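Here is a short briefing on one protein structure. Have the sequence and the coordinates open as you read.

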Amino acid sequence: MTDPIASTLAYHARTKHHLDRYAAGPGALDWDAQPDAFRHWQGAQVTPLPRAVMVADIAWPQLDLPRPPQDFTPASLGSLLRLCAGITAWKQYGGSRWSLRAHPSSGNLHPTETWLISAGVPGLENGQDGGLFHYQPRDHSLEQRAWGGSTPAGVWLGYSSIPWREAWKYGERAFRYCQLDMGHVLAALAYAAALHGWQPRLLRFASDQVAASLGLDRGADFTGVEAEEGEVIVSLHADAAEVAPLAPPIWAHWAGKPSLLDPKPMYQWPVIEEVAAATRGSLPPSPLEQVIEPKQVRSTSTLPASQVILQRRSAQAFDGTSVMPNAVFRRLLAALLPGGSPVWRLWPHAPRVHPILLVHRVEGLNPGLYALSRSEAATAGLKQAMPDMFTWTPADPELPLYQLLAAKAERTARTLSCHQDIASHSAATFMFIAEFAAPIQDNPAAWRHLHWEAGMLGHCLTLEAEAAGWRGTGIGCFFDDAVHEVLGLEDTRYQVVYHFAVGIPVDDPRLTTL
């Protein structure tokens, strides 16, 4: 029998990029044969959702203030889904046209599928006893997949991944990107839910329970089409203390067949199914009470929060000259700390992913290498794992920011991020370092959760940057062990899992935005 821990660690090592070679991927891409960005459930009943944003007048700094919860209706759920998973724009270049969504995705490939489980929502279930719906972002509608369960009144969102969407372009490394995307998706939900006065909570379903709840284990339905990997189910509450009594639903009736996304796949990557099987499991227990640290640095943006969410874009290039105001930089860092964002109410676990920064152009800070400690334990652990040459000099009077080394870092940032200019032309590039070996030895499913946490951190940065008139972009391509060598990390206690850069964007005038 395959050892899940060994399989997980082997996958991670095997899919590292190196300075002299990249992880296994396709030798060529046929862009005309790119997998369909939208899965349809053919034969399912379709319910259009209202497109209006019901919370358009809330300013960004007021995002996470307490407010009366919206009633669960098709209109409020349509508003939520538009802000956390919907299409926000179409881009066009020549004869090509593609969509952007409320959350970024590696290569804009969007492997994550969104599901809705509801019961007792007037106008949604048509008098049936609860239902399972697939959210179709292309036309902002719900496709009813199942009904007739024993579901109590309430609303839940489920998530699955289609690894082939990423593997088509990225090969074996694709499962990493599926999990980073999942983190962005969960963070997007946390922001949108806060605007509606709802509190999302992750359910500790085992992977097979997630799959059964969403119908992903119905093998006959997926014959000849790309499989979906169950990720997580999230409950929505009007009260943070309320606990949803959802058990894995057993549906009496099913409808619809999944559409084929890629009729002629050119490659196969069996290691992705191996790591998917190895990392299936449930989330760790959440603490009964989450300690929310006071926010010491608040945003001064005057933009409506819904506008920030809907106008968010991933930068394709930075100008390489703009200096980030210190107040903007400090707000970015504050959002990554417990209590600094609605995201950390959704994810109440002890921080296990920590930002190491290559600062290039920030007002009041010398260029160099910095660390943001998201917990006292992280400070002690990273100090022990890193070389003595790093000074750990406090660099902010209120935030746990430490200067490790003063040095010009543009060339290093570019090299470590697969020779991409966007990492050196930013104001700062973040390298997210995860506590790695110990969590995975305890539970291989933690490999997914570490990537989720990194994706959440990236989403906090992308929205805070957008609110301040700056822009962020995720960088999934980096030379793993070269990063570890620069940081003096000599074993697998810590591993880099994501890069992210923030700067002033340079727009491509050839692209039309619709």
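The points below cover enclosed space, two helices and one strand residue.

This is a predicted model. A search of the whole structure finds six cavities of 30 Å³ or more. Helix 5 contributes to the lining of the second largest cavity, and helix 4 is largely enclosed by the rest of the structure.

**Cavities**

- Rolling a probe the size of a water molecule over the atoms shows where empty space is left.
- The largest cavity holds about 120 Å³ of space.
- Its lining comprises 13 residues, and W60, P61, D64, R331 and E464 are the closest to its centre.
- By class, that lining of the largest cavity splits into five nonpolar, three polar and five charged residues.
- The second largest cavity has a volume of about 80 Å³.
- It is lined by 16 residues, with S207, E231, G281, H449 and W452 nearest its centre.
- Helix 5, strand 10 and helix 14 (446-467) each give two or more residues to the lining of the second largest cavity.
- The lining of the second largest cavity has seven nonpolar, six polar and three charged residues.

**Helix 5**

- Helix 5 runs over residues 207-214, and its buried residues are S207, V210, A211, S213 and L214.
- Viewed down the helix axis, the buried residues fall within an arc of 165°, so they line one face of helix 5.
- These buried residues pack against strand 5 (112-119), strand 6 (131-136), strand 8 (154-161), strand 10 (229-237) and strand 11 (253-254).
- S207 appears twice here: it is buried in helix 5, and it is among the residues nearest the centre of the second largest cavity.
- G215 follows helix 5 and has a positive phi, near 75°.

**Helix 4**

- Helix 4 covers residues 174-195; at 1.5 Å a residue, its 22 residues should span 32 Å.
- The end C-alpha atoms of helix 4 are 32 Å apart, which agrees with that expected span.
- Burial is complete along helix 4: 22 of the 22 residues are buried, so the helix is largely enclosed by the rest of the structure.
- After helix 4 comes G197, whose phi is positive, near 80°.

**A434**

- A434 sits in strand 17 (residues 428-435).
- Is A434 buried or exposed? Its relative accessibility is 0%, so A434 counts as buried.
- Beyond neighbours within four places in sequence, A434 is in contact with R352, V353, L450, R493, Y494, Q495 and V497.
- A434 and L157 are 277 residues apart in sequence, and their C-alpha atoms are 27 Å apart in space.

Methods: Residues numbered from 1 in each chain as written. Predicted model: local features only at pLDDT ≥ 70, side-chain atom pairs only at ≥ 80, totals over all residues. Heavy atoms only, no water. Buried < 20%, exposed > 50% of the residue type's maximum accessible area, 1.4 Å probe, protein only. Helix = DSSP H or I, 4+ residues; strand = E, 2+ residues; numbered from the N terminus. Arc of directions from axis to C-beta. Contact = heavy atoms within 4.5 Å. 1 Å grid on protein atoms, 1.4 Å probe; cavity = no way out; pocket = protein on both sides within 12 Å on 5 of 7 lines; lining within 4 Å. Points joined across faces, edges and corners; volume = space filled by probe spheres on them. Nonpolar A, V, L, I, M, F, W, Y, C, P; charged D, E, K, R; others polar. Expected span 1.5 Å × (residues − 1).
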